[in-house]
Amino acid sequence: MLRSMFTAVSSLNLHQSYLDVVANNLANANTTGYKSSRVMFHDQYSQLISPGAGPSTSLGGINPTQIGLGVKLGFISSDFTQGMLESTGRTLDLAIQGDGFFVYDQGAARRYSREGSLSLDSDGVLVNSATGLKVQGWMVQSDGSVDTNLPPAQINIDTDKAVAAATSKVIFGGNLDSTKAVGDDVKTTMGVYDSLGVLHTAEVTFTRTSDTAWDWSVTKIDDVDVDPADANGSGTITFTEGQNPVITGEDSVTIPGSEGAEASVSMTFDLTSLTMLSMDDGVTVTSQDGLPAGNVTGLYITPNDGTVFLVFSNGFRQQIAQLALARFSNPTGLISAGDTMFKQGLNSGDPELGTANTGGRGTITSGYLEASNVDMAREFTNMILAQRGFQASSRVITTSDEIMQELVNLKR
């Protein structure tokens, strides 16, 4: 009877732990990035009553006789299956589709999490909104590259900067009317930005010189005539059957910059898309680079690879960093550190750091957060199992007590 009591007590203790795990899962059913836990039961050692015997020539074998001594906890581990992605519409809310973890700095140690609600602190550092831990990544180097072989570090963002870009290439399209007489002109006006983002106007004149050729030159800058002898750019366009223009002469143009800017703005003209057909003139600028001055209006993190961009009011996007993700060979070996964070465990393996969409780390989704992966239907079922297991074990204790009471009452 004592043995059955102790066996039932071991079951009571374990079912209480089972219920604790279920309660914690249900409590975190709405916790962003939470990974549910599951419990595994193992039986205790069994008392060997008889080892049994092997078969002989005259008798068959006899199986061993054992009595179990209860139940013990096998393990409690996290379930890292993918949680549902919930749309937030906030560009700094990030979720991972795959096996990766965001990397956060906590002084002497790193923390790893599936929760990616980010924001900027007062120093312009990208941090986790709830904990303030600094998210880790790689800053863009001076040559515009990202070296992921370096250790990841905090991401510093200067939201007070402004940019402008000088025009360096202009592409023309349209038609030069083939019915024009030799000596006739076609003029078009374009805008050009200098290094300070100041807009200058330039007038380009196309003059027919033969049946198949046109000369072009910049004839006005900021409504000031340019002396043909001092033309800032000129050349000749020769057409074959009105198409396939061949450009000869210079294709580079320079115009003076404004005070404080670079002395001149140098650019190339791409005239290879022009035609000379019997139709109205329509020479226009179809594409050009260069930007007016603009300040930072937002921060954008691209889906899939987690590249961090600054967005400016002039439409310019500047890459400044790239987020780091970690992957573990055995994520169930991670140790929970609270705040939906994990730390490296003895059996998790070392973190494999890299960028999203590489090495099995998964992709980053912007504007979403990963919801808890708790299955409430399964947890309520587990709650019933825990309750019934506890009740059954308590009944065993009651029954054992009644039998012991009968033994005590044998002598009256």
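Let us begin in the loop between β24, residues 291-301, and β25, residues 307-312, where N304 lies. This is a predicted model, and every value I mention is computed from it. The phi angle of N304 is near 75°, a positive value in a residue other than glycine. Is N304 buried or exposed, or does it fall in between? With a relative accessible area of 42%, N304 is partly exposed.

A second residue invites the question of its backbone angle. T340 sits in the loop between β28, residues 335-338, and β29, residues 341-343. The phi of T340 is near 55°, again a positive value in a residue that is not glycine. As for its surroundings, T340 has 19% relative accessibility and therefore counts as buried, since the cut-off for buried is under 20%.

Allow me now to turn to the chain as a whole. How many helices and strands does the protein chain have? There are 2 helices and 32 strands. The radius of gyration is 38 Å, whereas the globule rule gives 22 Å for 412 residues, so the chain is more spread out than a compact globule. Along its principal axes, the C-alpha trace spans about 135 × 60 × 35 Å.

Of the 412 residues, 38% are buried. The accessible surface of the chain comes to about 21600 Å², and carbon and sulfur atoms account for 51% of that surface. If we consider contacts between residues at least 6 apart in sequence, 62% of them join residues at least 24 apart. On the matter of charge, the chain carries 24 positive and 45 negative side chains, and the centres of these two sets lie 22 Å apart.

Next, the helices. Helix α1 covers residues 2-27 and has 26 residues. From its first C-alpha to its last, α1 reaches 37 Å, close to the 38 Å expected at 1.5 Å a residue. Which residues of α1 are buried? Among them are M5, A8, L12, L14, H15, Y18, V21, V22 and L26. The cover over the buried residues of α1 includes strand β1, residues 37-43, strand β4, residues 71-78, and helix α2.

Helix α2 runs over residues 376-408 and has 33 residues. At 1.5 Å a residue α2 should span 48 Å, and its end C-alpha atoms are indeed 48 Å apart, so the two values agree. The buried residues of α2 are E379, N382, A386, G389, S393 and S400. What covers them includes α1. Each helix thus appears in the cover of the other: α2 for the buried residues of α1, and α1 for those of α2.

Strand β4, which we met as part of the cover of α1, contains S77. S77 is buried, with a relative accessible area of 13%. Apart from its neighbours within four places in sequence, S77 is in contact with S36, S37 and R38.

Let us move to another strand. G174 is found in β14, residues 169-175, and at 29% relative accessibility it counts as partly exposed. Which residues does G174 contact, once neighbours within four places in sequence are set aside? They are S273, L274, T275, G282 and V283. S273 deserves a further word: G174 and S273 are 99 residues apart in sequence, and their C-alpha atoms are 7.2 Å apart in space.

Two loop residues complete the tour. The first to discuss is A108, in the loop between β7, residues 101-106, and β8, residues 109-113. At 89% relative accessibility, A108 counts as exposed. A108 and V135 are 27 residues apart in sequence, with 14 Å between their C-alpha atoms.

The other is S145, which has its place in the loop between β11, residues 134-139, and β12, residues 153-154. S145 is partly exposed, with a relative accessible area of 28%. Where residues up to four places away in sequence are not counted, S145 touches M139 and V140. How many residues separate S145 from E370 in sequence? The separation is 225 residues, and from C-alpha to C-alpha the two are 30 Å apart in space.

To close, I would ask you to locate two places on the model in front of you: the positive phi angle at N304, and helix α2, with α1 included in the cover of its buried residues.

How values were computed: Residues numbered from 1 in each chain as written. Predicted model: local features only at pLDDT ≥ 70, side-chain atom pairs only at ≥ 80, totals over all residues. Heavy atoms only, no water. Helix = DSSP H or I, 4+ residues; strand = E, 2+ residues; numbered from the N terminus. Rg over C-alpha atoms; globule rule 2.2 N^0.38 Å. Buried < 20%, exposed > 50% of the residue type's maximum accessible area, 1.4 Å probe, protein only. Contact = heavy atoms within 4.5 Å. Areas by Shrake-Rupley, 256 points an atom, 1.4 Å probe, with all protein chains shown as cover. Lys, Arg positive; Asp, Glu negative; His and termini not counted. Charge placed at Lys NZ, Arg CZ, Asp CG, Glu CD. Expected span 1.5 Å × (residues − 1).
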